[in-house]
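Work through the exercises below with the model open. Try each task before reading its solution.

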Amino acid sequence: VLPHAFETTTDAHALTATVLGGILGFFVLEKLVLWRHCHLEQCEAHDGHPHGAAAGHGHDHGRSGLIILVGDSFHNFVDGVLIAAAFMASTTLGVVTATAVIAHEIPQEVGDFVILLHSGYSRAKAFALNVLSSLAMVVGALLAYFALQALEAWIVTMLAIAAASMIYVAVADLIPGLHKRTELSATAQQVLLIALGVGTIWLVGAVSGHSH
């Protein structure tokens with residue numbers, strides 16, 4: 001995403017500032033969600049227990065579920081906008097961006113489903129609400145597609161924000177999760193998988209370059 005954005009932009013300083021601002025923005029957004037979620041003394045951020053203050057104490061009367069739904073809907077909407085911007089830049093970039101978004105969305109949606117169950121929703125209702133939240137991505141993509149056609153100058157900015165989103169997910173969630181497994185075999189597996197990921201993106205770029 002970033003190389004394509006740099007190839008497209010005429011102002012590298014503004015582009016890198018947008019990436020940095022995006023990372024900071026996602027950090028603040030997550031902090032706001034955590035602060036709202038942790039309005040009680042005990043929660044995951046304070047005591048390490050999963051799913052907030054009510055973990056181990058029954059349902060939390062829908063509070064966690066409501067927060068998750070609002071936050072996830074907004075997140076999915078933004079993801080839809082970013083995917084649309086990537087596709088408008090190039091089909092290959094769109095496919096890579098969509099694949100990356102889906103790859104981190106699947107475990108996130110599973111986690112959201114568990115939190116909704118914890119909040120007291122039935123399995124059927126939790127699943128339906130999760131699907132409804134996911135539809136925000138489609139709405140975001142459709143709105144962005146038509147809006148960005150009129151505002152083509154915004155595509156580079158949206159690509160920078162897309163890159164910031166993926167960088168933030170990597171440094172805030174993925175890398176800390178990998179560091180929890182310190183044994184040599186796990187480390188070797190992680191390095192191999194990361195290398196395969198880099199190789200896959202390189203291969204897609206190489207094939208795309210030859211096709212053009």
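## Overall layout

From the N terminus on, the elements of the chain run α-α-α-α-α-α-α-α. The model is predicted: local features need pLDDT of at least 70, side-chain atom pairs count only at pLDDT 80 or more, and totals for chains, interfaces and linings use all residues. Residues are numbered from 1 along each chain as its sequence is written, and side-chain values use heavy atoms, with hydrogens and water left out.

**Exercise 1.** State how many helices and strands the chain has, and what share of its residues is buried.

*Solution.*
- Step 1: The chain has eight helices and zero strands. Helices (H or I, at least four residues) and strands (E, at least two) are DSSP runs, numbered from the N terminus.
- Step 2: Of the 212 residues, 31% count as buried. Buried means under 20% relative accessible area, exposed over 50%, and partly exposed in between (1.4 Å probe, protein chains only).
- Step 3: The chain exposes about 12,900 Å², and carbon and sulfur atoms supply 72% of that area. Accessible areas come from the Shrake-Rupley method with a 1.4 Å probe; for residues, only the protein chains shown count as cover.
- Step 4: Take the contacts with a separation of 6 or more: residues 24 or more positions apart account for 71% of them. Contact means heavy atoms within 4.5 Å.

## Aromatic pairs

**Exercise 2.** Find the aromatic pairs and classify each one.

*Solution.*
- Step 1: There are two aromatic pairs in the structure. Rings of Phe, Tyr and Trp (its six-membered ring) pair if their centres lie within 6.5 Å; planes under 30 degrees apart count as stacked, over 60 as edge-to-face and the rest as tilted.
- Step 2: F26 and Y168 are stacked, at 6.5 Å centre to centre with 25° between the planes.
- Step 3: F26 lies in helix 2 (residues 12-37) and Y168 in helix 7 (residues 154-179), so this pair ties together parts 142 residues apart in sequence.
- Step 4: F26 counts as buried at 17% relative accessibility. Y168 is buried too, at 11%.
- Step 5: The ring centres of Y145 and F146 are 5.3 Å apart and their planes stand at 80°, so this pair is edge-to-face.
- Step 6: Y145 is partly exposed at 39% relative accessibility, and F146 is exposed at 56%.

## Helix geometry

**Exercise 3.** Compare the end-to-end distances of helices 5, 6 and 7 with the expected spans. Then locate the kinks.

*Solution.*
- Step 1: The expected span of a helix is 1.5 Å times one less than its number of residues.
- Step 2: Helix 5 (residues 91-118) has 28 residues and reaches 40 Å from its first C-alpha to its last, close to the 40 Å expected.
- Step 3: Helix 6 (residues 123-150) has 28 residues and reaches 42 Å, close to the 40 Å expected.
- Step 4: Helix 7 has 26 residues and should span 38 Å; its end C-alpha atoms are 36 Å apart, which agrees.
- Step 5: Helix 5 has a kink of about 30° at E105, shortly before the proline P107. Helix 7 has a kink of about 40° centred on A170. The bend at a residue is the angle between axes fitted to the seven residues ending there and the seven starting there.
- Step 6: After helix 5 comes G120, with a positive phi near 110°.

## Links between distant residues

**Exercise 4.** Is N76 buried or exposed? Which residues does N76 contact beyond its neighbours in sequence?

*Solution.*
- Step 1: N76 lies in helix 4 (residues 63-89).
- Step 2: N76 is buried, with a relative accessible area of 0%.
- Step 3: Leaving aside neighbours within four places in sequence, N76 is in contact with E105, E109, S133, S134, A136 and M137.
- Step 4: The N76 side chain reaches the backbone oxygen of S133 at 3.1 Å.
- Step 5: The buried residues of helix 6 include S133, A136 and M137.

**Exercise 5.** Place L2, then find what L2 touches.

*Solution.*
- Step 1: L2 is in helix 1 (residues 2-8). L2 counts as partly exposed at 26% relative accessibility.
- Step 2: Not counting residues up to four places away in sequence, L2 touches V19, A163 and I167.
- Step 3: The C-alpha atoms of L2 and A160 are separated by 6.7 Å, with their positions 158 residues apart along the chain.
- Step 4: A160 and A163 are among the buried residues of helix 7.

Terms used:
A polar contact is a pair of N or O atoms within 3.5 Å; within protein, one must be able to donate a hydrogen and the other to accept it, and residues adjacent in sequence count only if both atoms are side-chain atoms.
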